[in-house]
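Reader: I am new to reading structures. Could you show me one and explain the terms used for it?

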Amino acid sequence: MDHVAGATADGKRAVRRDLLAVRAALSDEEVAQAAVALADRALGLPELATARTVAAYVSVGHEPGTGALLDALRERGVRVLLPVLLADDDLDWGVYEGPGALVETERGGRMRLREPGGERLGREAVLDADVVLLPGLAVDAHGVRMGRGGGSYDRVLARLAAAGADPAPVVLLYGHEVVGRLPVEPHDRPVRVAVTPEGVHRFPR
Ligand SMILES: Nc1nc2c(c(=O)[nH]1)N(C=O)[C@@H](CNc1ccc(C(=O)N[C@@H](CCC(=O)O)C(=O)O)cc1)CN2
Ligand SMILES: Nc1ncnc2c1ncn2[C@@H]1O[C@H](COP(=O)(O)OP(=O)(O)OP(=O)(O)O)[C@@H](O)[C@H]1O
């Protein structure tokens, strides 16, 4: 079993590297245009039309851009929660109060994140969310999502399930990141929806 689990983790690392290389090759203009289209698509989701609290994240680098989406949600009066990465790779949460209230953070040579600088609400704050917008590198036809490998969102999804909370998990990706099949480990939890600049994909439960 350990051998199989190790093979899956190695498989994930290789897929992650390839996916990150494709993102790295995007031009700044492609990234900017994709962010506008992504916000449009996401704002059309029925799940977001009724949501009062949305857990989201601030995109960095060549990730599918969330800036326009965060501001549009906030303008709608939605309470937007943003993650704060903790030392154990779990997530604390703070309320989005506009781009000026974000602080740039960097931990141990990892990628720079932009996180809310204000009050920390605790790990359980995500249980208030009606929708959870997740970062990712890819999703497959079963809704299996691959992240950066910290396991932060695996823990968030496990926490939601343990509490009996059932917000729609929605991953934001580029079109080519919706793939046929990804390596899967027992802790991986499927997402319900993937939004890309080109459209919306729904996965059977
Ligand atoms: N914009 C954004 N915010 C986010 C996430 C994300 O994926 N994107 N997260 C999603 O969980 C959490 C932060 N998790 C992170 C996980 C890994 C790395 C990172 O730098 N990884 C290295 C490679 C692995 C390593 O060195 O440990 C890298 O990407 O270069 C950064 C943040 C919460 N906030
Ligand atoms: N519920 C959990 N509690 C504690 N650790 C967990 C949990 N789920 C996963 N992990 C750990 O997180 C690590 C990374 O998992 P994985 O490679 O699936 O990350 P990922 O889904 O790509 O990342 P992320 O969720 O941050 O986007 C693994 O070592 C795993 O053991």
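Author: Here are some terms, each set against its cut-offs. This is a predicted model, in which local features need pLDDT of at least 70, side-chain atom pairs count only at pLDDT 80 or more, and totals for chains, interfaces and linings use all residues. Residues are numbered from 1 along each chain as its sequence is written, chains are lettered from A and ligands numbered from 1 in the order in which they are written, and side-chain values use heavy atoms, without hydrogens and water.

Reader: Which residues come nearest to ligand 1?

Author: Val58, Glu63, Arg110, Met111 and Arg148 come nearest, out of 14 residues around ligand 1. A residue counts as near if one of its heavy atoms lies within 4 Å.

Reader: What makes Val58 a polar contact of ligand 1?

Author: A polar contact is a pair of N or O atoms within 3.5 Å. A backbone N or O atom of Val58 lies 2.7 Å from a nitrogen atom of ligand 1, so the pair qualifies. The side chain of Glu63 has an N or O atom 2.7 Å from a nitrogen atom of ligand 1. For Met111, a polar backbone atom is 2.9 Å from an oxygen atom of the ligand.

Reader: How much of ligand 1 does the protein bury?

Author: The protein buries 76% of the 670 Å² that ligand 1 exposes alone. Such areas come from the Shrake-Rupley method with a 1.4 Å probe.

Reader: Which residues are closest to ligand 2?

Author: Lys12, Arg145, Gly147, Ser152 and His187 are the closest of the 17 that surround ligand 2. The side chain of Lys12 has an N or O atom 2.8 Å from an oxygen atom of ligand 2. A polar side-chain atom of Arg16 also lies 2.8 Å from an oxygen atom of this ligand. The protein covers 69% of the 650 Å² of accessible area that ligand 2 has on its own.

Reader: How do you know that Arg74 lies over the face of Tyr96?

Author: The rule asks for NZ of Lys or CZ of Arg within 6 Å of the ring centre and within 35 degrees of the ring normal. Arg74 is at 5.8 Å from the ring centre of Tyr96, so the distance fits.

Methods:
A polar contact is a pair of N or O atoms within 3.5 Å; within protein, one must be able to donate a hydrogen and the other to accept it, and residues adjacent in sequence count only if both atoms are side-chain atoms.
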